[in-house]
Amino acid sequence: MNRTMNYEINESEAGLRVEQYLKRRGYSSQNLATIKRMPESILVNGIHYYMRQTLAAGDLLTVQITETECSKKIPPVELPLDIIYEDEDIIVINKPAGMPIHPSQNNYYNTMANALAWYYKQQDKPFIFRCCNRLDRDTSGLTVVAKHLVSAGILSSMTGRREVSREYLAITDGHVTPESGTINAPLARKPGTIIERTVDWEHGEPAITHYRLISATQLHSLVALKLETGRTHQIRIHMKYLGYPLIGDYLYHPDMTYIGRQALHSHKLSFPHPITGEMMEFTAPLPEDMQAVLTL
C-alpha cells in the first residue's frame with residue numbers, strides 16, 4: 001500500500017528531531033527503521049530530510065509509505081466480504097461465522113485474509129495482512145485490519161493500552177444470575193491440548209470480562225460482554241466458569257440443539273483512529289442464526 005501523511009509543525013513541536021516527532025505521533029522504532037529505507041520517505045517542505053534533522057514551527061512534514069510486497073502465504077480467493085468501513089489506513093469487516101481469519105493447515109483458501117488479498121488484487125494494490133483483533137473461526141462480527149505498517153503499529157499499541165473497546169453479544173444456557181458483573185479469572189492452556197484453555201489460578205494469565213444481561217427467554221440469555229483483556233477463548237471459558245456456557249460451543253459446551261456454532265458475535269468496536277485520532281465506533285447487528293435462537 002502507498003500512503004502519504006502530512007503533519008504541520010506547531011510552536012510546541014519546534015526543535016524536535018523528525019524521529020522524536022513521529023514517535024510522539026505513535027510511530028514505533030521499527031516503523032521508523034523501515035520507513036527510512038523507503039525512497040523519498042521523509043520530506044520537509046518538499047525537501048528530503050533525515051530522521052535526525054530538526055523541525056521548525058510552520059514546517060510541513062510529509063511521510064510517504066511505499067509497500068510493494070504482498071503476504072506470500074495468502075493466495076487471493078474470491079470470497080464474500082462485508083466491508084463496514086474503509087479509508088486509507090484501516091478497513092473494518094463484519095466477518096461471518098465459519099470463516100477463519102487467516103490461513104492455517106486445514107484452511108488455506110477460505111479465510112478472511114484470502115478474501116482481502118483478492119479484494120486488493122482487483123485494485124492492483126499490494127496486500128500485507130495485518131489483522132488487529134482476531135476472532136475465532138465460528139465467532140461472527142467486527143474486526144479491524146490495518147492497511148499499512150504505521151496504522152498497524154499504532155493499533156497494536158492502543159490494544160496494549162486498552163484503548164480499543166470491544167463489546168460482544170453471546171447466547172448462553174439458562175438465565176444469567178447475577179444479571180451483571182465482572183469475571184476476573186486467569187486463563188492458561190489446558191494440559192494435554194494445544195487448543196483448549198482453562199481457568200488456572202496458579203499459572204494463568206490475567207483475564208477480565210465485564211458482562212450484563214440484555215434479555216432472557218425460558219431457555220437462554222442474551223448477554224453483552226466487554227473485554228478488558230483479550231485472552232484466547234476468554235468469553236467462552238469465563239461464561240462457562242460462571243455457570244452459563246455459550247450454546248453451540250463445540251469445545252466447552254458441545255450442545256448443538258439450537259445453533260451449529262458458538263453463539264458469539266463481535267457486536268461493537270470503538271477506538272481512536274490510529275492516524276487522525278478521531279474516535280471511531282462501529283456496530284454489527286446480531287446475525288440471523290443467533291436471532292433465530294431468541295425466538296424459541
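Strand β2 (residues 42–44) and β3 run antiparallel to each other and pair over 2 bridges, and that small pairing is a handy place to start a tour of this predicted model. From there we can look at the sheet around those strands, then at the aromatic pairs, of which the structure holds 9. After that come a buried glutamate, some backbone oddities, and the empty space, including a largest pocket of about 1,100 Å³.

**The open sheet**

- Within the pairing of β2 and β3, Val 44 has Ile 47 of β3 as its bridge partner.
- The sheet is open and built from 4 strands in the order β1-β4-β2-β3, with antiparallel pairing.
- Which strands stand at the edges? They are β1 and β3 (47–48); each has a single partner strand, so one side of each has no neighbour in the sheet.
- As general background, strands of a sheet pair through backbone hydrogen bonds, either parallel or antiparallel.

**Aromatic pairs**

- The structure holds 9 aromatic pairs, and one of them joins Tyr 7 and Tyr 27 edge-to-face, at 6.4 Å centre to centre with 70° between the planes.
- Tyr 7 sits in strand β1 (residues 2–8), while Tyr 27 sits in the loop between α1 (18–24) and α2 (29–35), so their pair ties together parts that are 20 residues apart in sequence.
- Both Tyr 7 and Tyr 27 are buried.
- Another pair, Phe 127 with Phe 129, is tilted: the centres are 6.0 Å apart and the planes make an angle of 45°.
- Phe 127 and Phe 129 are both buried, and they belong to one aromatic cluster together with Tyr 119 and Tyr 120.

**A buried glutamate and its partner**

- Glu 67 is found in the loop between β4 (60–66) and β5 (83–86).
- Is Glu 67 buried or exposed? Its relative accessibility is 9%, so Glu 67 counts as buried, the cut-off being under 20%.
- The side chain of Glu 67 makes a polar contact of 2.7 Å with the side chain of Arg 130.

**Backbone features worth a look**

- Most residues other than glycine have a negative phi, and most peptide bonds are trans.
- Asp 124 is not a glycine, yet has a positive phi of about 60°; this residue lies in the loop between α3 (112–122) and β7 (140–146).
- With 72% relative accessibility, Asp 124 counts as exposed.
- His 233 also is not a glycine and has a positive phi of about 60°; you will find His 233 in the loop between β13 (220–227) and α5 (234–242).
- His 233 counts as buried, at 10% relative accessibility.
- Just after α5, Gly 243 has a positive phi of about 105°.
- The peptide bond between Thr 177 and Pro 178 is cis, with omega at about -5°; Pro 178 belongs to the loop between β8 (165–173) and β9 (180–184).

**Helix α5**

- Which residues of α5 are buried? They are Gln 234, Ile 235, Arg 236, Ile 237, His 238 and Met 239.

**The largest pocket**

- About 1,100 Å³ of space lies in the largest pocket.
- The pocket is lined by 38 residues, and those closest to its centre are Arg 134, Leu 135, Asp 136, Thr 232 and His 233.
- His 233 thus appears twice in this tour: among the residues closest to the pocket centre, and as a non-glycine residue with a positive phi.
- Elements that each supply at least two residues of the lining are α4 (149–160), β8, α5 and β14 (264–272).
- The lining is a mix by class, with 15 nonpolar, 13 polar and 10 charged residues.

**The cavity**

- How many cavities of 30 Å³ or more does a search of the whole structure find? The search finds 1, and about 40 Å³ of space lies in the largest cavity.
- Its lining consists of Met 1, Ile 91, Tyr 120, Phe 127, Ile 128, Val 145, Ala 146 and Lys 147.
- By class, the lining of the largest cavity has 7 nonpolar residues, no polar ones and 1 charged.
- Tyr 120 and Phe 127 line the largest cavity and are also members of the aromatic cluster.

Methods
Residues numbered from 1 in each chain as written. Predicted model: local features only at pLDDT ≥ 70, side-chain atom pairs only at ≥ 80, totals over all residues. Heavy atoms only, no water. Phe/Tyr/Trp six-rings, centres within 6.5 Å; stacked < 30°, edge-to-face > 60°. Buried < 20%, exposed > 50% of the residue type's maximum accessible area, 1.4 Å probe, protein only. 1 Å grid on protein atoms, 1.4 Å probe; cavity = no way out; pocket = protein on both sides within 12 Å on 5 of 7 lines; lining within 4 Å. Points joined across faces, edges and corners; volume = space filled by probe spheres on them. Nonpolar A, V, L, I, M, F, W, Y, C, P; charged D, E, K, R; others polar. Pairing = 2+ DSSP bridges. Polar contact = N/O pair within 3.5 Å; in protein donor to acceptor, adjacent residues only side chain to side chain.
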